[in-house]
Amino acid sequence: MKSSRREWTKHAVMVVEADFNRSADTHLIPLPLPGFPGVDLYLKDESSHPTGSLKHRLARSLFLYALANGWLHEGCTVIEASSGSTAISEAYFARLLGLPFIAVMPSGTSPEKIAAIQFHGGRCHLVENASDLHATSVLLARQTGGHFMDQFTYAERATDWRANNNIAESIFRQMEAEPYPIPAWIVCSPGTGGTAATLGRYVRYRGHDTRILCADPEISAFFDGYRAAMAGGSYRDVTACGGSRVEGIGRPRVESSFLPDCIDAMIKVPDALSFAAMRHVGGVLGRRVGGSTGTNFIGVLAAAHRMRVEGLRGSIVTILCDTGDRYTHSYYNPGWYQERGIPRVEADQALAALLAGGEPPPFLKNDPGP
């Protein structure tokens, strides 16, 4: 019995690794910042992964981690709590291994993401309250005899942050021939916290001076948790009311994979400004991007302003997390904003002032970073 399980695991690891070997790296795209001369911006385009988002890297790491730990076996049902992108990627890998997959998701998840999970053979279990995702996933794992992947716990430890072509190593390799090869800042937004942990660990391990800025969406516990940690207090019990309107990032509680000491600065971004930035980036690139990319871009402007105040020239790298084609019914639907009372004109005007190099609002300046 154990011998046959080991053989299945060996084959499964080979299948996942073979998929990795067939995949090319993602592009690093320059994006102009006319309002900040001397600052070069690059977008790490994670939307070009086979499953269309940054979460493809995480899903691969989570599957290898679960396989190496002996948590998956032939016929095992894989379960994940996700707002969509991680579930899409995990459904892809589950299908590669011939395993059933169930995504536990908020009921407001975009229909495009639900369709993508189903396309890869997964099933969606929707819940009304985002705070119930974890408990529901645990219950389904018990009922099916399956395995709950639990990205929010294992994201920071499943990824090899020293090498193995993680996103940090890829960024620094691609930056080698640029005018400022060592970024002054790398900007990301926390969904699990795993990407921030990988980036923060890598720059310390390699001895780079790069700082990590996290941009948290409006409805999320991470920023307040970070602020509590920087003040020397407890942060694991910090919570927020409701689910994030920026799919893929923000959480109602501070997750285990969020490591405040791996981050150098953090800001909280109003959703209206995130979506305005999303529209701007999409307009410059000539293609739609997701809301989390907009949140990241506001973080870029905060970092660029700090560089200007400090009299620094250099580069900033941020992440284009996923394609905007997954949000046709939400972020690219004017009615979606009207239903939720999210201002568009005012947000576009505020963003235009920031892009021109104007003074940022207090929340972008007075973050609790050093």
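Begin with the largest pocket of this predicted model, which has a volume of about 620 Å³. To centre the view, select Pro106, Gly108, Gly243, Ser244 and Glu247, the closest to the pocket centre of the 33 residues that line it. Next, display helix 3 (85-97), helix 6 (151-158) and helix 12 (334-340); each supplies at least two residues of this lining. Colouring the lining by class shows 10 nonpolar, 17 polar and six charged residues.

Keep helix 6 selected, since this helix also supplies at least two residues of the lining of the second largest pocket. That second pocket has a volume of about 320 Å³. Its lining comprises 23 residues, and Arg57, Leu58, Ser61, Thr159 and Asn166 lie nearest its centre. Add helix 1 (2-22), helix 2 (55-68) and helix 8 (194-206), each of which likewise supplies at least two lining residues. Helix 2 provides the largest share, seven residues. By class, the lining of the second largest pocket has nine nonpolar, nine polar and five charged residues.

Finally, select helix 11, residues 291-309. This helix is mostly covered, with 17 of its 19 residues buried. Place a distance monitor between its end C-alpha atoms: they are 28 Å apart. This agrees with expectation, because at 1.5 Å a residue the 19 residues of helix 11 should span 27 Å. Then step just past helix 11 to Gly311, which takes a positive phi of about 70°.

Technical notes:
Residues numbered from 1 in each chain as written. Predicted model: local features only at pLDDT ≥ 70, side-chain atom pairs only at ≥ 80, totals over all residues. Heavy atoms only, no water. Helix = DSSP H or I, 4+ residues; strand = E, 2+ residues; numbered from the N terminus. Expected span 1.5 Å × (residues − 1). Buried < 20%, exposed > 50% of the residue type's maximum accessible area, 1.4 Å probe, protein only. 1 Å grid on protein atoms, 1.4 Å probe; cavity = no way out; pocket = protein on both sides within 12 Å on 5 of 7 lines; lining within 4 Å. Points joined across faces, edges and corners; volume = space filled by probe spheres on them. Nonpolar A, V, L, I, M, F, W, Y, C, P; charged D, E, K, R; others polar.
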